[in-house]
Amino acid sequence: MPLPASLTGTLELPVLGSPLFIVSGPELVIAQCKAGIVGSFPALNARPAAKLGEWLTRIEDELGEYKAKNPDKKVAPFAVNQICHASNDRLMQDMETCTRHKVPIIITSLRPPSEIVDAAHSYGGVVFHDVINVKHARKAVEQGVDGLILVCAGAGGHAGTLSPFALVREVKQWFKGTILLSGAISDGWGIASALALGADMAYMGTRFIATVEANAEPAYKTALTEYAAHDTVYTNLFTGVHGNYLGPSIAAAGLDPENLPVADKSKMNFGSGGNMKVKAWRDIWGSGQGIGQIKDVPPVAELVERLKREFDEARGDFLTRASA
């Protein structure tokens, strides 16, 4: 399917930088959009709630000024992630703020409430909802979402277990909207592979934690350059929802990554580990399985240029092999 009108002609690469709890702020989002990929952040990162409007104004102003000074550059739109869960008592307030600012893309997680879709559509915005299986995908489409983010095996943070070869191809049998693919995508070859499977865009998170503009601890960024897929752990202990985390950060918190208990889902809290002293995202670091490809911590602009070169090389290799 063609991309939504707001994305047509604005992208240097078919990539959406996924919203990263704590890590994604105005600096990262602005850098991503200037580089020609969609930047995003969770609304809950703006604390207190009044700061959300300030962040949106800053992003709009800086991107508007950049566009005016660089009319030949492709500047991507930005997105805001709304956590649609009962524990998020800011949801409707934050969505009202997003509606006033006419945020181009709303990313919904956990539950795709129709009121969020209606609000975004009222001003011409689009809604992408993240899912881990076909059941959730069908429910989201029933709510009127414009696109599905297929969070497959190997994705950082909250993630599913299905292979992208299974989930993408099955969803494409019946869904005609925009499809984004998430799961261990860290370089241009991964982006090209996502498109080859049938996705319209790649959804990349962990790779952008290891950038200059990311609001992450230096030790976190460095760790992502030092470890690989076998160092990630899939558990629901810290939030009640299964996700991938960096094993060494779990060990540093005094826990055994190889012997973690199962969480009580009735006490699910997306910012902490219930009664535990350690907190998810702050102490326990999310990490996708694609970290074996991360070797440095560059500025976003430099990273996107590298991804473009790799993407072009991957497509060239594919064409060469196909014609051999």
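This short presentation covers three helix packings, two backbone features and one pocket of a predicted model.

Let me begin with helix 1 and helix 2, which span residues 26–35 and 51–69 respectively. Their axes lie 10 Å apart and meet at an angle of about 30°. Angles under 35 degrees count as roughly parallel, and helix 1 and helix 2 are therefore described as roughly parallel to each other. The crossing in which helix 1 passes helix 2 is right-handed. On the side of helix 1, the contact is made by Pro-26, Glu-27, Val-29, Ile-30, Cys-33 and Lys-34, and on the side of helix 2 by Trp-55, Arg-58, Ile-59, Glu-62, Leu-63 and Tyr-66. By class, this contact of helix 1 with helix 2 holds 8 nonpolar and 4 charged residues, with no polar ones.

Before moving along helix 2, I would draw attention to the loop that precedes it. Pro-48 sits in the loop between strand 2, residues 39–42, and helix 2. The peptide bond leading from Arg-47 into Pro-48 is cis, its omega being near 0°.

Helix 2 also packs with helix 3, at an angle of about 25° and with the axes 10 Å apart. Helix 2 and helix 3 are therefore roughly parallel as well. Their crossing is right-handed. Which residues meet here? From helix 2 there are Leu-52, Gly-53, Leu-56, Thr-57 and Glu-60, and from helix 3 there are Asp-94, Thr-97, Cys-98 and His-101. The contact of helix 2 with helix 3 divides by class into 3 nonpolar, 4 polar and 2 charged residues.

The third packing joins helix 3, residues 91–101, to helix 4, residues 114–122. Here the angle is about 15°, and the axes are 10 Å apart. That angle makes helix 3 roughly parallel to helix 4. Helix 3 passes helix 4 in a crossing that is right-handed. Leu-91, Met-92, Met-95 and Thr-99 of helix 3 meet Glu-115, Ile-116, Ala-119, Ala-120 and Ser-122 of helix 4. Of the residues in this contact of helix 3 with helix 4, 6 are nonpolar, 2 are polar and 1 is charged.

Between helix 3 and strand 4, residues 105–109, there is a loop that contains Lys-102. Lys-102 is not a glycine, and yet its phi is positive, at about 50°.

I turn finally to the second largest pocket. How much space lies in it? The second largest pocket holds about 280 Å³. Two helices each supply at least two residues of its lining, namely helix 7, residues 188–197, and helix 11, residues 300–323. Helix 11 gives the most to this lining, with 7 residues. The lining consists of Trp-189, Ala-192, Ser-193, Leu-195, Ala-196, Phe-311, Ala-314, Arg-315, Asp-317, Phe-318, Leu-319 and Arg-321. By class, the lining of the second largest pocket has 8 nonpolar residues, 1 polar residue and 3 charged residues.

To recapitulate, helix 1 and helix 2 are roughly parallel, helix 2 and helix 3 are roughly parallel, and helix 3 is roughly parallel to helix 4. The backbone features are the cis peptide bond from Arg-47 to Pro-48 and the positive phi of Lys-102. The second largest pocket draws on helix 7 and helix 11 for its lining, each with at least two residues.

Notes. Residues are numbered from 1 along each chain as its sequence is written. This is a predicted model: local features need pLDDT of at least 70, side-chain atom pairs count only at pLDDT 80 or more; totals for chains, interfaces and linings use all residues. Side-chain values use heavy atoms; hydrogens and water are left out. Axes are lines fitted to C-alpha atoms, for helices over the stretch in contact, and angles run from 0 to 180 degrees between N-to-C directions. Helices (H or I, at least four residues) and strands (E, at least two) are DSSP runs, numbered from the N terminus. Angles under 35 degrees count as roughly parallel, over 145 as roughly antiparallel, 65 to 115 as roughly perpendicular and the rest as oblique. A crossing is left-handed if the near helix is turned anticlockwise from the far one by less than a right angle, and right-handed if clockwise. Contact means heavy atoms within 4.5 Å. Ala, Val, Leu, Ile, Met, Phe, Trp, Tyr, Cys and Pro count as nonpolar, Asp, Glu, Lys and Arg as charged, and the others, Gly among them, as polar. On a 1 Å grid over the protein atoms alone, a cavity is a set of points where a 1.4 Å probe fits but cannot get out, and a pocket is an open set with protein on both sides within 12 Å along at least five of seven lines; lining residues have an atom within 4 Å of a point. Grid points are joined across faces, edges and corners, and a volume is the space filled by probe spheres set on the points.
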